[in-house]
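Please examine the structure shown below. The report that accompanies it is written for a reader who is new to the description of proteins.

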Amino acid sequence: MRKGIDNAWFSRKTGELANGMYVLAVSILKNEADAEDAIQNALLLAYRNLDKLRMFDKFKPWLFKILTNECYKIINARKYSDDIENISLEAGESCLETETKMTLWETINSLPDDYRTVTVLFYYEDMKITEIASVLNVSEDTVKKRLSRAREKLRRLLDEEDFYE
Amino acid sequence: MNKIDKMLKSRIKSAAPEMPEDMSVRINEMVNSLDVQPYKKRNSPFKTAVLVAFAAVVITFFILPNVNENIAYAMQDIPFIGEYIKVFSIYKKDNEDEYHFEHIDIPQVESESGLEEQIDYINKDVKELTQMAIDEYEKTISDLPDAHMGLEINYEVVTNTDEWFTLRVLIYQVAGSGSSQYKYYHIDKQRGELVSLSQIFTDSFNYVSVFSAEIKNQMQEQMLEDDKKIYWVYPDDNTCSGFYQIKPDQNFYFNENNELVIAFDKYEVAPGYMGCPEFVIPRELYESSFN
């Protein structure tokens, strides 16, 4: 390992990011046991490949990229993909229309997979558009588009909450 | 940033779920156990010597006086395995409670036909490896008595013929999820040598490339046939990592059909649920290249 990068450093950095990893994994997988598997696999993979990380200030997006990848490996491995792909944007909309009193987190969970991940990375993790694009291996325009759709849905929820309050 | 984004950030952060405490403990334990993973650099000779000395003190002054009915020394009944080399259990312990399990069975190798240097090396290395795992486990359960932890150490004589001896030692550490580490010891009895993979083949045979290509093919084929199987094959889509080639001294053994099997530890080339993957290498790839 490079100078200054040791087990204590890895342990401290991953400790700081642990809850963020949990929020991201559980929002993608919607299952705590799978989220824990994904986090453990991602941490092991990150540890083994630490030498390949060129800039250590990019550790967070790098780790989240590995974690996202691990989450999708689990989805593919356990044949969840069909169920998740079937949750279309339209399904999310109809869900919002019928369940007007959903909580904010339930609404995030009802978003289609791609929109949900972008929402968590942008609003919860405070990541930049360029970092999110790198984590998800998509263009910045795609991130902006997904974020805009997700923002619209969440804004509608907040408006409804204000209406009911 | 617009007003909506600011409000959403604040609301989403306060509404986000928290990692459950028990999961947090398991993840933390897993990260802290990374320094005993097999891919880590070995300790310096000085550090190792201190550890071995410390382990000897621990065994002499702490473990031996505290033996109970769960601990059995099998020094008396030495099973006879193979023609020249004997393997027996020098230390056994079986213990389980609500939070912990320990199933420890440590081998000792003996020979009646020379090979003292090779046998001594194996015994010393087994003792060092297993004692480090036991020390680590004891330290963790004393720090976190309520965490679910386990340690299993056992062994198997894979081969013991007139020509060849292979001993496999398993160290399985459980903290949340389990991490398995196998260590193989091989003796070429006819040459009287300890053998690693790099010593088996002629210098002109690039066994690392040949076997790695074969293993990557087998990984791809298995993933095509069964979409539940996942191997990390280089270049992995997102991380640019994954299995690229075997280590020159990768774990191996010869199976009952005398075929070469290349073995990987848990997490070495695949997610944890895939266990410890093994690949049989077709004989035609290497049979004309033995040393």
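This report treats helix packing, nonpolar cores, salt bridges and backbone angles in turn.

The structure is a predicted model.

## Helix 7 of chain A and its partner in chain B

Helix 7 of chain A has 12 residues, and at 1.5 Å a residue these should span 16 Å; the C-alpha atoms at its two ends are indeed 16 Å apart, which agrees. The helix is mostly covered, since 11 of its 12 residues are buried. Among the buried residues are Asp113(A), Arg116(A), Val118(A), Leu121(A) and Phe122(A).

Helix 7 of chain A packs against helix 1 (residues 3–15) of chain B at an angle of about 100 degrees, and the two axes are 9 Å apart. Angles of 65 to 115 degrees count as roughly perpendicular, and helix 7 of chain A is therefore roughly perpendicular to helix 1 of chain B. On the side of helix 7 of chain A, the contact is made by Thr119(A), Phe122(A), Tyr123(A) and Tyr124(A). Helix 1 of chain B contributes Asp5(B), Leu8(B), Lys9(B), Ile12(B) and Lys13(B).

Helix 8 of chain A is also mostly covered, with 6 of its 8 residues buried. These buried residues are Ile129(A), Glu131(A), Ile132(A), Ala133(A), Val135(A) and Leu136(A).

## Nonpolar cores

Which members of the largest nonpolar core touch the most other members? In this set of 63 residues, they are Phe10(A), Ile39(A), Leu43(A), Phe59(A), Phe64(A), Leu67(A) and Ile12(B). Helix 1 (residues 7–29) of chain A supplies the largest share of this core, namely 12 residues.

Ile12(B) deserves a separate description. Apart from residues up to four places away in sequence, Ile12(B) touches Leu104(A), Trp105(A), Ile108(A), Thr119(A), Tyr123(A), Tyr124(A) and Leu154(A). A second core, separate from the largest one, has 26 residues and includes Phe211(B), Val233(B), Ile246(B) and Leu260(B).

Another buried residue is Thr140(B), with a relative accessibility of 10%. Thr140(B) belongs to helix 4 (residues 116–143) of chain B. When neighbours within four places in sequence are set aside, Thr140(B) is in contact with Glu29(B) and Met149(B).

## Salt bridges

Side chains of opposite charge can pair when their charged atoms come close. Over all chains, the search of the whole structure finds 18 salt bridges. Three of these pairs are set out below.

| Pair | Closest N to O distance |
|---|---|
| Glu125(A) and Lys60(A) | 3.3 Å |
| Asp22(B) and Arg26(B) | 3.5 Å |
| Arg191(B) and Asp188(B) | 3.6 Å |

Glu125(A) and Lys60(A) form a salt bridge. Glu125(A) lies in the loop between helix 7 (113–124) and helix 8 (129–136) of chain A, whereas Lys60(A) lies in helix 3 (residues 59–77) of chain A, so the pair ties together parts that are 65 residues apart in sequence. Glu125(A) is buried, with a relative accessible area of 7%. Lys60(A), with a relative accessible area of 23%, is partly exposed.

The salt bridge between Asp22(B) and Arg26(B) has another setting. Both residues are in helix 2 (residues 21–32) of chain B, 4 residues apart, and are thus separated by about one helical turn. An α-helix has 3.6 residues a turn, so residues three or four places apart point the same way. Asp22(B) is partly exposed at 47% relative accessible area, and Arg26(B) is partly exposed at 24%.

In the salt bridge of Arg191(B) and Asp188(B), Arg191(B) is partly exposed, with a relative accessible area of 48%, while Asp188(B) is buried, with 13%. In chain A, a network of salt bridges links Arg12(A), Lys13(A) and Glu16(A).

## Residues with a positive phi

Most residues other than glycine have a negative phi. Asp126(A) is not a glycine, yet its phi is positive, about 55 degrees. This residue is found in the loop between helix 7 and helix 8 of chain A, and Asp126(A) is partly exposed, with a relative accessible area of 40%. Helix 8 of chain A is followed by Asn137(A), whose phi is also positive, near 60 degrees.

Where does Asn258(B) lie? Asn258(B) is placed in the loop between strand 8 (252–254) and strand 9 (260–263) of chain B. Its phi is positive, about 65 degrees, although Asn258(B) is not a glycine. At 49% relative accessibility, Asn258(B) is partly exposed.

Notes. Residues are numbered from 1 along each chain as its sequence is written. Chains are lettered from A and ligands numbered from 1 in the order in which they are written. This is a predicted model: local features need pLDDT of at least 70, side-chain atom pairs count only at pLDDT 80 or more; totals for chains, interfaces and linings use all residues. Side-chain values use heavy atoms; hydrogens and water are left out. A salt bridge is a side-chain nitrogen of Lys or Arg within 4 Å of a carboxyl oxygen of Asp or Glu. Buried means under 20% relative accessible area, exposed over 50%, partly exposed in between (1.4 Å probe, protein chains only). A nonpolar core is a set of buried Ala, Val, Leu, Ile, Met, Phe, Trp, Tyr and Cys residues joined through side-chain atoms within 4.5 Å. Contact means heavy atoms within 4.5 Å. The expected span of a helix is 1.5 Å times one less than its number of residues. Axes are lines fitted to C-alpha atoms, for helices over the stretch in contact, and angles run from 0 to 180 degrees between N-to-C directions. Angles under 35 degrees count as roughly parallel, over 145 as roughly antiparallel, 65 to 115 as roughly perpendicular and the rest as oblique.
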